[in-house]
Amino acid sequence: MTWNRWTATAMRMVAALTALGITVTAAGPVSAAADADDLAGSQRQRLDWHTCQQGSADQAGAELDRAGATCTELTVPLDYGRPNGRTITLALSRLRATDTAHRLGVLLLNTGGPGAPGMSDVLPIRQWLGDVGARFDLIGLDPRFVGRSTPLDCGWPTGTWTRSAGPDRATFNQLTAFQRDLADRCARRHAELLPHVTTRNTARDMDLLRAVLGEQRLSYLGYSYGTYLGAVYTQMFPGRVDRVVLDSAVDPAEYGARVVREAGPANEVALRDWAEWAARRHDRYDLGSTGGQVLAVVDGILAAAARRPLRVGGYEVDRQSVPYLLLNRLGDDRDETQADLAETVKVLRQAVLSGSATPTASLADTLSFLFTGAESATGSVQAAILCGDVPVRRDPEHYWRDIRQHRSSEPRFGELTRLISPCAFWPQQPRERPIVVQNAVPALIVQSTGDTRTIYRHGQAMHRALTGSRLLTLRDARIHGVFGNYGNVCVDVAVVTYLADGKLPARDLDCVGHTSP
């Protein structure tokens, strides 16, 4: 059907589908259609707000209760194409506005992942917002299949699918088999759920929540993946948006399982910066008195792990794991995180020299995440969202060629950031086409120039996609997640001012980060 043949009836159908967040193209609806009235029952549901703690061991719930938060469950359709069919529940928390005379509405929070629980986010963010925080009802949401919401767990032997491809074709083949196994586990356990684990459906959940709360519009603060979710919401529901802050933004055109594909160079730079930091503290960490010497220690660890796994506590750390341990700590240039990486490298070097080493508490937590299934649900949901949103190339040779082509320019991290993922073996293609973000909804985008996860170019791309946005750049800083978290007064004041008055700066702004001595 071509556009010039649409009838008035067809146009009314488009309006009804759009109200449900179902995209319609010249080829027809991307997902199954439903009448707008079918969602009315869900919108009229009453929320039962109650205390948050679930049992004496639930410290997160206890903290929410002490802060005066309440919690509840929202019922949403599993499939918005069949809104009267099977339902799932979403868990959420609320810190109500205390300055009710100047209340600004609801501020929904998402701190990333994808797949990160959000109920506890209301606590630090209320502090970061200062006085303006008292003017919002802050909502922390565990998105569909995350945390306390209806769960999804594929029974993985790890908390993440992220691994390096290693130094050669044999290790790449091992990684490929590992990713295939992870995908197969999800297919066996949750084939009926996987088509509905998508960012579009989470955006639809957000809008249903808005309606149930009785709000005309929704304000939003999202970090990392949460910036993509926020951008998708602005694209699907542009008339229902109030204030929007997107911190450490994803390029919406590059989003997917390979979203960090181009982050290798940024991490190589970050590692060199860290090496200089460690060299200035040689008397404390004994890793070398120059950046070059520190990097030589790192490269020696990588080479040793390629020959045989390193014994660290009860774990065997191989060449496919070491780059993750390094990259995991490069997203923050503050002394505490830099010191954590230095301690990790010290432990790994000790394992090389002595045959074994005892991990620090921080490293032990990371190794448990990598090598046990204790946090299987985290990786399972993250993969399900990414694989359900955007299709990827399925030929392993494509990834092998990409890694080989960039091995010299990205010697330590290219084989990690350009890795093959479970999405190459996912049991089904996404039900809906990847959404194209291009609108003029006002938003404030916050990005540091040294971000190693969502690189600075991604923030610039989000700024171009949201033509009504302003870009707030934090220069000379390496941090992923800026507002509130990093403590830069210039950034924090700009964000709080925008949330308070709803007026974007007249132009893009720059702030300057601190540089450690």
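These are my notebook entries on salt bridges, one strand and its neighbours, and the enclosed spaces of a predicted model.

**Entry 1: salt bridges**

I began by searching the whole structure for salt bridges, and the search returned 29 of them. I then looked up several individually, asking in each case where the partners sit and how far they are covered.

The pair I opened with lies within one helix: the side chains of Arg185 and Asp181 form a salt bridge, with 2.8 Å from N to O. Both residues belong to helix α5 (residues 169-190), where they are 4 residues apart, about one turn of the helix. Are these two partners buried or exposed, or in between? I noted Arg185 as partly exposed because its relative accessibility is 24%, and Asp181 likewise as partly exposed because its value is 30%.

I turned next to Arg319 and Glu415, whose side chains meet in a salt bridge at 2.4 Å, N to O. This pair links distant parts of the chain, with Arg319 in the loop between β10 (315-317) and α11 (322-327) and Glu415 in helix α16 (residues 414-417), 96 residues apart. For burial I applied the cut-off of under 20% relative accessible area. Arg319 has a relative accessible area of 10% and is therefore buried, and Glu415, with 1%, is buried as well.

The next pair I looked up was Asp340 and Arg329, joined by a salt bridge of 2.9 Å, N to O. Because Asp340 lies in helix α12 (residues 335-354) and Arg329 in the loop between α11 and α12, the pair ties together parts that are 11 residues apart in sequence. Arg329 has a relative accessible area of 4%, so I recorded this residue as buried.

I also asked which residues are linked in a network of salt bridges. I found Arg258, Arg261, Asp402, Glu410 and Arg418 connected in this way.

**Entry 2: strand β7 and its neighbours**

How many residues of strand β7 (residues 218-223) are buried? I counted 6 of its 6, so the strand is mostly covered by the burial cut-off of under 20% relative accessible area. Taking the strand face by face, I found Leu218, Tyr220 and Gly222 buried on one side, and Ser219, Leu221 and Tyr223 buried on the other.

I then followed the pairing on each of two neighbouring strands. Strand β5 (residues 105-110) runs parallel to β7 and is joined to it by 4 bridges; across this pairing, Leu108 has Tyr220 as its bridge partner in β7. Strand β8 (residues 241-247) also runs parallel to β7, with 5 bridges between them, and here I noted Leu221 standing opposite Val245 in β8. Tracing the connection from β7 to β8, I saw that the chain passes through helix α7 (residues 225-236) and that this β-α-β crossover is right-handed.

**Entry 3: cavities**

My cavity search gave 6 cavities of 30 Å³ or more. The largest cavity holds about 160 Å³ of space, and 20 residues line it, with Thr198, Arg200, Asn201, Arg204 and Glu432 the closest to its centre. Which helix supplies the largest share of this lining? It is α6, with 4 residues, while α6 (199-212), α7 and α14 (376-389) each contribute at least two. Helix α7, on the crossover from β7 to β8, thus reappears in this entry as a contributor to the lining of the largest cavity. By class, I divided the lining into 6 nonpolar, 7 polar and 7 charged residues.

The second largest cavity holds about 50 Å³. I listed its lining as Asn110, Gly112, Gly115, Ala116, Pro143, Arg144, Thr202, Tyr225, Leu229 and Ile385, which by class come to 5 nonpolar, 4 polar and 1 charged.

**Entry 4: the second largest pocket**

I closed with the second largest pocket, whose volume is about 410 Å³. It is lined by 27 residues, and those nearest its centre are Pro252, Ala253, Glu254, Tyr255 and Val390. Helices α15 (396-405) and α17 (456-465) each supply at least two lining residues, and α17 gives the most, with 4. I recorded the classes of this lining as 16 nonpolar, 4 polar and 7 charged.

Conventions
Residues are numbered from 1 along each chain as its sequence is written. This is a predicted model: local features need pLDDT of at least 70, side-chain atom pairs count only at pLDDT 80 or more; totals for chains, interfaces and linings use all residues. Side-chain values use heavy atoms; hydrogens and water are left out. A salt bridge is a side-chain nitrogen of Lys or Arg within 4 Å of a carboxyl oxygen of Asp or Glu. Buried means under 20% relative accessible area, exposed over 50%, partly exposed in between (1.4 Å probe, protein chains only). Two strands pair if DSSP finds at least two bridges between them. A crossover is right-handed if, with the strands pointing away from the viewer, the path from the first strand over the helix to the second runs clockwise. On a 1 Å grid over the protein atoms alone, a cavity is a set of points where a 1.4 Å probe fits but cannot get out, and a pocket is an open set with protein on both sides within 12 Å along at least five of seven lines; lining residues have an atom within 4 Å of a point. Grid points are joined across faces, edges and corners, and a volume is the space filled by probe spheres set on the points. Ala, Val, Leu, Ile, Met, Phe, Trp, Tyr, Cys and Pro count as nonpolar, Asp, Glu, Lys and Arg as charged, and the others, Gly among them, as polar.
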